[in-house]
Amino acid sequence: MAEILGAEVDEEGYLLKVSDWTPEIANAMSEEDGIELSPEHWEVINFLQEYYKEYEFAPAVRVLTKAIAKKLGNDKGNSRYLYSLFPYGPAKQGCRFAGLPKPTGCV
Amino acid sequence: MSLISIFFTFFFYISVLIFIIGVSYKLVQYWNTPAPLKIPITPASLNTSGVILRYFREIFLFSSLYKSNKWTWLFGWCFHLALVLLFFRHLPYFWPGEVPLILYKTEVLKYSSYLLFFGLVGLLSRRFFVDRVKYISSPSDYLMLLVLIFITSTGMLMTFGNNHPNMLLVTNFASGLITFNWSELPKEMIFMAHIFPVFCLIAIFPISKLLHAPGIFFSPTFNQVDNARKKRHVSDWALNKQEGSKIDIENNNDKKE
Amino acid sequence: MTNDNPIKLPTYLEVPAIKKDAMAGNGPFKASEEVQQGLGFPGEKVDNWQQVAIDKMAETKSKYRSVQVFLDACVKCGACTDKCHYYLGTADPKNMPVARQDLFRSVYRRHFTFAGKYFPILVGAKDLDENMLDDWYNYFHQCSQCRRCAVYCPYGIDTAEISMAAREVMNVIGAGQKYPNQILGKVNKIGNNLGMPEPALRDTLEDLEDEIKDDTGVNVKLPLDVKDAEVLMVTPSADFFAEPHIDGLIGYAKVFHESGVSWTLSSYASEAANFGMFIGNYDVMRQGALRIRKAAIDLNVRRVIVGECGHAWRVAYSFWNTLTGIGSGGSDDYSLRLQRQLDSNYPQPQHMIEFTYDLIQKNKLSFDKSKNDHRVVTFHDSCNVARGSNMGDIKNGQFILPREVIKAACNHFVEMPKNTIKSSTFCCGGGGGLLTDDLIELRVKGAKPRMHALKKTEQENGVNTLAAICAICKSQFSKVLPNYDFDPYMIVSVHQLVSEAIVLSESSDTEV
Ligand code: SF4
Ligand code: SF4
């Protein structure tokens, strides 16, 4: 099994255990993807984690955009903006940075 | 009877026997193999008469092939049409007893051998010159076409060339096979060269791709009616739980948390 | 979702010359031990895998007439060779449908036929060795089971049937694919492909109700687990989660609102998709279908309607009645119970498109089509709907109905080139259990034929919206469109178009 900063990840780079997550891991993952985490990134990551804590599941992209709109303003509450933050998709890449499992299915 | 006549007579019956047993075996196998799910290629017919129409179009016109590739269609269709026509052309030879007048009229069908030749050479050249078709061809695919071309050529040489065997001998031999009234075979090499591969093809029919002929009738994508919502389609094994399966079908209605 | 180096496409499609091993490789990720065992398959490749595989082949061909007949009947005419989008996009000869079948057929010949046992070279018969298995794993996961090849084969030989059989054999020897098998585990445990638990689903639906209220001022409901509703709506779970799918879900809700027909979603059966079909396993597929039957019985609904999902509709339309007796004609206890419970005035199940179309025919919906005037719309026929199902019980209904629904909601509709639509439609490139990131190269290349057609329509008619009725198509397109210099947001659900143009009346009984 591959590892990142000592935490086990699966072949696609998602943490095996959510509890292993640390902010350093998020930084290391984003660095690998060539992204520097801005405060906006962190807003998304934090929201994903909060939501996950409550529902044991990542929020739908629509739910996420609305939450971000509330936090960062309406101009940023849309999927285009989120994709500009996470080019591989806010759900997939965002979840990975946040240490959550990958959303599967027809998505 | 000469040894060679005995050999050919014998070989004919062996081939036909293999053909009958082999094809029956295959037919029974296809028949007994269930088609557990409704898988017609849609848009399919919503009733049975439509299925018959679909077969009519596929068998007489090769309609799917026509949609697919005009050259292959042209060669393939010409080849099969000529085969049918030439079957009738050969009928008088095999006819036991008095040959009905109408069968003599089939004489003109001999020209369809050109069509046959054209189709076969076309199909063969596709195997050589189209890289995709070349890739998927096995030696047997070439061989089959070469044998057919050989049969066609020898037939044409006999019909249109100067080496026509004695018609009476041919008729006696051929109809003798049907009536079990065996007689000598014409001694011309070319005649033997013509019928030997034919007998071979009869024999290999049930173990080769020639099975496409019965196969098409069993193709579930063609022969099923598209009415799954109206009529429940079931086959025996599909209703029962698969052996070794972990899936608990019977208790599926108990919601597990 | 941007792509810096989009591929500039010509508007026509050329059949490429073969390029051997262009897509050679190890195939997609393999399923883990845990995932495999969850479905009842061995966790890793079994020791005597060859024997197990041959035995399974024998069993499969004795259970499926399609497999047996297709293995025998192919004459290698080559008609199908240039019909597969994966061949057209990759030029790898093993992606030609007949060559793909031949991976399976050559083993069949070697082990089960006289000619192959005694003259293997003559008839191209081969042993099932490590190399062959690797090829199976790689190339049977480069087939989206779209059935396009079958349309063009003179014997109706459907490569999808062979690739399902091959995947089943591979699962049985312990070489399963991660993506579908992991998802199937989630469906069986949680009820949907996403693994979305009930509270999250409930919360999402409430969120959407708020959104519709904000947008339109109307209380449109998205009910969950409501007993005695008229309709049980079963939709792909992507509709709860992904973009643009979720706008389609909003569209369904608005249509139900206008129809006045009470409806509900189920948290127990919150998935229409059935990946059991992709892996060719009858029992797994049946289990998925049974969940839905149970939900229908528990919620005591009168009708079952399926949302926009291509293969789900094939499974629902063509297989559900066989698997669970949901339509008419079944005679076991459950079937009889269902027949009493479900309303026989309607076909069971129905597609959401059929439901909406009916209402349009009866003039029960009103549209402000100008809302979609900024769009020039074209429709992508999804393979499994086009070649594996019907709608409306009229000939070609699966092509007619969605188009009529679009036209009811939009003023500008155009078609893509004739040989790329309806029964000749090209797969989006992501179907059949291939919609996974580890196959992204294949997905981009496989989308090429569709993208050519779209490019042509864009240049000639200014198309800017691509509508589809399949969750996989929608996800796949939003991913690959930028690779071909298109806007990823041009892909929409048909019911999103409906949603945008429909005129809502406040008078309905859903007022709270
Ligand atoms: S079109 Fe059918 S018969 Fe011809 S090569 Fe393809 S699968 Fe075989
Ligand atoms: S079913 Fe579709 S993907 Fe598979 S070989 Fe045929 S055309 Fe290609």
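A residue counts as near a molecule or strand if one of its heavy atoms lies within 4 Å of it. With that in hand, let us walk through this predicted model, in which local features need pLDDT of at least 70, side-chain atom pairs count only at pLDDT 80 or more, and totals for chains, interfaces and linings use all residues. Residues are numbered from 1 along each chain as its sequence is written, chains are lettered from A and ligands numbered from 1 in the order in which they are written, and side-chain values use heavy atoms, with hydrogens and water left out.

**The two ligands**

Around ligand 2 you will find C84(C), H85(C), Y86(C), P97(C), R100(C), C143(C), S144(C), Q145(C), C146(C), R147(C), C149(C) and T159(C). Helices and strands here are DSSP runs (H or I, at least four residues, for helices; E, at least two, for strands), numbered from the N terminus. Two helices of chain C, α4 (85-90) and α5 (97-112), each give at least two residues to the shell around ligand 2. The shell of ligand 1 includes C74(C), C77(C), C80(C) and C153(C), and also K76(C), Q101(C) and Y155(C).

The table sorts both shells by class: Ala, Val, Leu, Ile, Met, Phe, Trp, Tyr, Cys and Pro are nonpolar, Asp, Glu, Lys and Arg are charged, and the others, Gly among them, are polar.

| Shell | Nonpolar residues | Polar residues | Charged residues |
|---|---|---|---|
| Ligand 1 | nine | two | one |
| Ligand 2 | six | four | two |

**Cysteines**

A disulfide is a pair of cysteine sulfur atoms within 2.5 Å, and by this rule the count over all chains is zero. Take C470(C): the closest cysteine sulfur, in C473(C), is 3.7 Å from its own, too far for a bond. C470(C) is also buried, at 5% relative accessibility. The labels are buried under 20% relative accessible area, exposed over 50% and partly exposed in between (1.4 Å probe, protein chains only). C84(C), from the shell of ligand 2, is buried as well, with a relative accessible area of 9%.

**Strands of chain C**

Strands pair if DSSP finds at least two bridges between them. An open sheet of four strands in chain C has the order β2-β1-β3-β4, with parallel pairing. Its edge strands are β2 (263-265) and β4 (350-351), each pairing on one side only. Strand β1 (residues 231-234) joins β2(C) in the parallel sense over three bridges, and L232(C) stands opposite T264(C) there.

Further along the chain, β6 (residues 465-468) pairs in the parallel sense, over three bridges, with β5 (residues 377-379). On that side T378(C) stands opposite L466(C). Strand β6(C) also pairs over three bridges, in the parallel sense, with β7 (residues 491-493), where A467(C) faces V492(C). Between β6(C) and β7(C) the chain passes through helix α23 (residues 471-480) in a right-handed β-α-β crossover; right-handed means that, with the strands pointing away from the viewer, the path from the first strand over the helix to the second runs clockwise. Within β6(C), T465(C) and A467(C) point one way and L466(C) and A468(C) the other, and all are buried.

**Chain B**

Chain B has 13 helices and zero strands. Its radius of gyration (over C-alpha atoms) is 24 Å, well over the 18 Å that the globule rule (2.2 Å times the number of residues to the power 0.38) gives for 257 residues, so chain B is more spread out than a compact globule. Along the principal axes, its C-alpha atoms fill a box of roughly 85 × 40 × 40 Å. Of its 257 residues, 50% count as buried.
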